[in-house]
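Here are a few exercises to work through with the model open on your screen. Keep in mind that it's a predicted model.

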Amino acid sequence: MFKRETILIQVGNKTLKFETGQIARQANGSVMVHCEDTVVFASACAAPTADPAIDFFPLRVDYQEKYSSVGKTASGFIKREGRPQEREILVCRLIDRPLRPMFEEGYFNEVQLLSYVFSFDGIHQPDVLAICACSAALAISDIPLIKPIGAVRVGMIDQELIINPTLEEMKQSKLDLILAGTEDAILMIEGYCDFLSEEKVLDAIEMGHKAIHEICHQLTAWAQKIGKPKNRGILRKISKEVETAVHSAASSLLESALQISSKQEREKTLAEIKETVINILGSTATEATKADVLAAYKNLQSALMRKRILIEKKRMDGRGLQDIRPIYIEQGLLPRTHGSSLFTRGETQSIAVCTLGSENTAQRFEDLSGEGTQRFYLQYFFPPFSVGEVGRAGPPGRREVGHGKLAERALAAVLPTQEQFPYVIRLESNITESNGSSSMASVCGGCLAMMDAGVPIERPVAGIAMGLILEGQEFAILSDILGAEDALGDMDFKITGDQHGITAFQMDIKVEGINKNIMKEALFQAKAGREHILQKMLAVCPESNAKMSVYAPRIETIQIKPSKIGIVIGPGGKQIRSIIDETGVEINIDDNGLISIASNSSEAMEKAKAIIHSLTAEAEMGRTYCGKITSIVQFGFFVEIFPGKEGLCHISEISDKRIQNIHDTNFKEGDEIDVKVIDINDRGQIRLSHKATLNQPVKA
């Protein structure tokens with residue numbers, strides 16, 4: 001009944017199985033990818049016709065991780081998968097970014113890529129498999145894709161690079177790099193690392209691309225064997241007449257407009273020129289011709305900008321290729337926040353806010369691996385006024401989620417340990433102006449806001465976005481790109497770190513042809529720009545504040561043995577609730593026995609610590625305690641040296657003088673008495689001596 005087609009591709013030390021012909025046969029293309037027991041499905045569908053008025057390519061990408069893939073049901077009231085989780089949104093972006101430039105020019109039919117994780121073994125990660133599955137589905141479909149792409153993850157353990165490491169291996173890895181590209185070139189990079197050098201990053205990219213080359217080579221052969229003929233008859237090409245007419249009407253006007261340094265003034269002038277061109281050429285034209293006029297206008301604008309950069313080495317705002325825009329920083333901008341910073345670079349601006357909290361403020365999440373919490377998270381806000389527009393204000397879009405995660409992971413490498421700084425850290429980046437790389441402004445502002453809040457950051461980091469203009473063998477690399485240089489250029493390459501290493505990098509390339517030499521030059525030019533920005537930051541804030549805001553909560557930690565956790569919690573949580581009710585503090589205990597106590601009252605903090613210490617303390621040989629007599633027997637006293645822990649002070653250890661009858665002493669039950677631990681036997685029984693403390697200072 002089914003004609004199942006299968007191909008096996010060796011990637012690193014694992015085999016990927018691509019399968020089609022059995023599932024979703026009505027889609028333009030559909031593929032199941034297996035990596036052992038992890039199975040990812042992808043479908044590609046295209047609308048039969050295109051809207052003639054559209055001048056952009058409408059691509060929709062959705063990715064979903066089914067809880068049933070691990071034999072789970074979603075927690076919460078609603079048991080059906082609903083709006084995408086943050087991780088699913090990020091994977092959607094990973095699929096979209098490298099595939100979008102691979103559709104043939106002039107294709108405007110709406111395309112939808114849907115990808116589902118149907119089985120997850122907890123070992124092999126599904127994100128790179130989803131990218132490969134969507135690529136394969138497009139490759140065997142009739143949708144005009146130029147060529148298939150492949151994707152891999154690269155990790156590094158003990159300086160050794162690994163292709164597609166398992167989840168367990170990634171726990172030890174100092175690198176998390178996802179690459180996607182064609183047989184000949186890299187198109188997308190997303191990576192996070194622990195201050196790796198530029199050379200090591202390049203080695204990882206080169207190794208990853210070798211694996212991608214093999215995937216693409218095999219998918220190309222598979223598509224030629226079983227794929228449908230590509231539907232190129234519907235491609236819409238701009239006529240030479242329209243291009244010539246637009247060039248004649250707008251060329252001289254655009255040349256002068258593209259030299260206006262102010263973004264608002266430049267965009268106003270460009271909008272007026274576009275309106276003029278439309279009025280001249282499109283007033284009596286069809287919808288398709290009007291769309292062609294707009295496309296030709298955009299192409300002309302891009303060509304003129306690129307020509308000026310390549311020939312004159314000048315950019316729209318008058319800068320040279322390596323120049324960084326002016327930077328202005330103001331620390332402590334907001335008086336009642338725990339930490340804040342205003343970071344402005346040219347016409348891009350972020351108000352970054354740091355909020356410190358207890359474990360209860362950690363970000364909770366649920367994914368295929370289970371439930372957990374994040375002790376550090378960054379949330380990015382991009383309101384429409386930041387670009388002078390009217391727009392939707394509400395839940396974050398995919399772009400906001402992606403930019404926030406990039407900045408978050410860039411800063412994660414510089415955080416102190418929980419033992420050093422027991423606070424949950426929430427960062428906000430509020431973009432109040434935008435003209436190029438607001439995510440990198442979020443990194444700079446976020447780092448400064450944490451330093452203002454007193455987070456002990458030993459290695460501050462900065463971020464910069466790089467651009468590229470590539471024409472044949474001629475190219476120009478741009479530091480600190482503008483929004484228009486991102487939109488009309490060939491590359492957006494974001495890199496964060498300090499002068500000695502990289503913490504995060506993200507690259508999107510719109511054309512093939514970027515080789516290792518271009519990438520190397522971009523990385524080292526970015527390093528110089530990053531150092532410049534970092535110097536500006538450190539000139540304003542050379543180190544983290546020694547004191548925290550008076551409005552921040554105080555948190556201290558106590559480390560106890562994991563075996564003592566039950567004592568502190570008590571039956572049904574009775575003991576820990578008692579401490580909270582008595583002191584008013586907030587208490588959290590992790591599985592390793594690290595107790596975090598949060599309170600705005602130092603007196604309550606000390607009281608809670610004393611109670612916990614008394615519950616978990618253990619008697620030490622030779623140590624002196626102030627205890628309480630709990631009972632008197634003929635052969636001595638039983639003394640409680642801390643709650644729940646008693647020892648025997650024998651009658652012979654009460655006084656220097658011989659005592660014939662225990663009742664001859666002046667002690668009674670309830671009296672406090674100084675005792676010294678003189679023996680602890682194998683069963684934990686404690687022998688105490690009051691005699692040994694006479695004329696000695698009490699230690700505890």
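**Exercise 1.** Work out how the span of helix H6 (residues 263-281) compares with the expected one.

*Solution.* Start with the count: H6 has 19 residues. Next, go from its first C-alpha to its last, and you get 26 Å. At 1.5 Å a residue, 27 Å is expected, so the helix comes out close to that, taking 1.5 Å times one less than the number of residues.

**Exercise 2.** Find which residues of H6 are buried, and explain why they sit on the same side.

*Solution.* First, pick out residues under 20% relative accessible area. In H6, Lys263, Arg266, Leu270, Ile273 and Val277 are buried. They span an arc of only 95 degrees around the axis, which is why they share one side of H6. Behind this is a general rule: an α-helix has 3.6 residues a turn, so residues three or four places apart point the same way. Now turn to the other side of H6, where Gln264 and Lys268 are exposed.

**Exercise 3.** Describe the largest cavity: its volume, its lining and the elements that supply it.

*Solution.* The structure holds 3 cavities of 30 Å³ or more, and the largest has a volume of about 90 Å³. Its lining includes Lys14, Leu16, His124 and Arg153. Strand E2 (14-20) and helix H2 (127-139) each give at least two lining residues. Sorted by class, the lining has 5 nonpolar, 3 polar and 2 charged residues.

**Exercise 4.** Which element gives the largest share of the second largest cavity's lining?

*Solution.* This cavity has a volume of about 50 Å³. Glu19, Met32 and Phe41 are among its lining residues. E2 and strand E3 (29-35) are the elements giving two or more residues. E3 takes the largest share, with 3 residues.

Technical notes:
Residues numbered from 1 in each chain as written. Predicted model: local features only at pLDDT ≥ 70, side-chain atom pairs only at ≥ 80, totals over all residues. Heavy atoms only, no water. Helix = DSSP H or I, 4+ residues; strand = E, 2+ residues; numbered from the N terminus. Buried < 20%, exposed > 50% of the residue type's maximum accessible area, 1.4 Å probe, protein only. Arc of directions from axis to C-beta. 1 Å grid on protein atoms, 1.4 Å probe; cavity = no way out; pocket = protein on both sides within 12 Å on 5 of 7 lines; lining within 4 Å. Points joined across faces, edges and corners; volume = space filled by probe spheres on them. Nonpolar A, V, L, I, M, F, W, Y, C, P; charged D, E, K, R; others polar.
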